[in-house]
Amino acid sequence: MLWNTGETEMMKGFILAIQFLSRLPINISVDFNDKNLSRSTLFFPFVGMIIGTGAGLVYCLVSRVNMDIASFLAVLTLVILTGGLHLDGLGDTFDGFFSARTRERILEIMKDSRAGTYGVVAIVLDILLKYVIISNMKENVLPALVFSCGNGRLIAVIFMSFGKIARPGGLGDMFKKSNPKKYAFIGGIIYVLITFLVNPLYLIPLGISIFAAFLLALKTYRVIGGFTGDVYGAGIEITEIVSLLSFMYI
């Protein structure tokens, strides 16, 4: 059980989650093994909150000068802190899903490092839409960014824990084989409790995000029969947008 796991071992999971999900300079070597991968999933939503906090603080500081610039820099901060990792997954997913090819060919396209038209369009629209949403948000930008980024990483953990893998041997397969369900469940419960304690209304964007993720899962199963690492990234990006939109109306 979790309480029988040493603090040092859990810290390895936390560090690995930061190193995998962000470009924060944590230069501590952690073995990329099944145990550490599994433990890292507990911290995914909270690393998302850290990323969202960084973007939110940038917005709060710059918004005193100019709201539009603040919105732009908040989105830029998200890209910098994540290294564009999830945007890359979004682009690859759109390139594959909208190629109108066979399942095998779609998976090949998604694995190709070259960017296609649909992928570029998806990335541009993603960044633009986030900017528009944030710039039109009257208040609560900081919590909206914090919890939207947390929601996105929680969705990724749900996909990893309970979804079927479409392509063996990829990054998604590694997380799936680490059997993350126990740690993902514990981290999810803690995250939901924190969300409720901060503001029960913040559960609404979370619920809407889960519904959007369900629709993405249905599309994914229909097109390629399961998840890949790219779809995890696409899920994070789509969830962030849906969550931010939800925060505009609560």
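A patch is built from residues with over 30% relative accessible area and no salt bridge, and nonpolar side chains are joined into one patch within 5 Å. The close-ups below come from a predicted model.

**Figure 1. A nonpolar patch on the surface.** Five residues make up this patch: Val121, Leu125, Leu128, Leu129 and Val132. Their patch covers about 400 Å². One of them, Leu125, belongs to helix α7, which runs over residues 117-136.

**Figure 2. The largest pocket.** The volume of this pocket is about 350 Å³. Its lining counts 23 residues, and those closest to the pocket centre are Arg167, Leu171, Thr228, Gly229 and Asp230. Five helices each give two or more residues to the lining: α1 (7-21), α5 (85-97), α6 (103-111), α8 (141-162) and α12 (229-247). Which classes of residue line the pocket? The lining holds 11 nonpolar residues, seven polar ones and five charged ones.

**Figure 3. The largest cavity.** Rolling a probe the size of a water molecule over the atoms shows where empty space is left. The count here is one cavity of 30 Å³ or more. The largest cavity holds about 70 Å³ of space. Helices α4 (67-82), α5, α7 and α12 each give two or more residues to the lining. Which element gives the most to the lining of the largest cavity? Helix α4 does, with four residues. Among the lining residues are Val75, Leu78, Val79 and Thr82. His86, Leu87 and Ile127 also line the cavity. So do Asp126, Lys130, Arg153, Glu237 and Glu240. By class, the lining has five nonpolar, two polar and five charged residues.

**Figure 4. A network of salt bridges around Lys130.** Side chains of opposite charge can pair when their charged atoms come close. Lys130 pairs with Glu237 in a salt bridge, at 2.6 Å from N to O. This pair links distant parts of the chain: Lys130 sits in helix α7, Glu237 in helix α12, and 107 residues separate them. Are Lys130 and Glu237 buried or exposed? Both are buried. Salt bridges with shared partners join Asp126, Lys130, Arg153, Glu237 and Glu240 into one network. The residues Asp126, Lys130, Arg153, Glu237 and Glu240 also appear in the lining of the largest cavity.

**Figure 5. Lys130 and Asp126 within helix α7.** Lys130 also forms a salt bridge with Asp126, and the closest N and O atoms are 3.6 Å apart. How far apart are Lys130 and Asp126 in helix α7? They are four residues apart, so about one helical turn separates them. Lys130 has a relative accessible area of 4%. Asp126 is at 4% relative accessibility. Each value is under 20%, so Lys130 and Asp126 count as buried.

**Figure 6. The salt bridge between Glu104 and Arg103.** The model has six salt bridges in its count. In this one, the side chains of Glu104 and Arg103 meet at 4.0 Å, N to O. Glu104 is partly exposed, at 48% relative accessibility. Arg103 is partly exposed too, with a relative accessible area of 32%.

**Figure 7. Two asparagines with positive phi.** Most residues other than glycine have a negative phi, and most peptide bonds are trans. Asn140 has a positive phi, near 60°. The loop between α7 and α8 holds Asn140. At 32% relative accessibility, Asn140 is partly exposed. Where is Asn179 found? Asn179 lies in the loop between α9 (171-177) and α10. Its phi is positive as well, at about 55°. Is Asn179 buried or exposed? Asn179 has a relative accessible area of 55%, which is over 50%, so this residue counts as exposed.

**Figure 8. Leu197 in helix α10.** Helix α10 spans residues 181-198 and includes Leu197. Leu197 is exposed, with a relative accessible area of 69%. How far apart are Leu197 and Leu216 in space? Their C-alpha atoms are 29 Å apart, while 19 residues separate them in sequence.

Terms used
Residues numbered from 1 in each chain as written. Predicted model: local features only at pLDDT ≥ 70, side-chain atom pairs only at ≥ 80, totals over all residues. Heavy atoms only, no water. 1 Å grid on protein atoms, 1.4 Å probe; cavity = no way out; pocket = protein on both sides within 12 Å on 5 of 7 lines; lining within 4 Å. Points joined across faces, edges and corners; volume = space filled by probe spheres on them. Nonpolar A, V, L, I, M, F, W, Y, C, P; charged D, E, K, R; others polar. Buried < 20%, exposed > 50% of the residue type's maximum accessible area, 1.4 Å probe, protein only. Patch = residues over 30% accessible without salt bridge, like charges linked within 9 Å, V, L, I, M, F, W, Y side chains within 5 Å. Areas by Shrake-Rupley, 256 points an atom, 1.4 Å probe, with all protein chains shown as cover.
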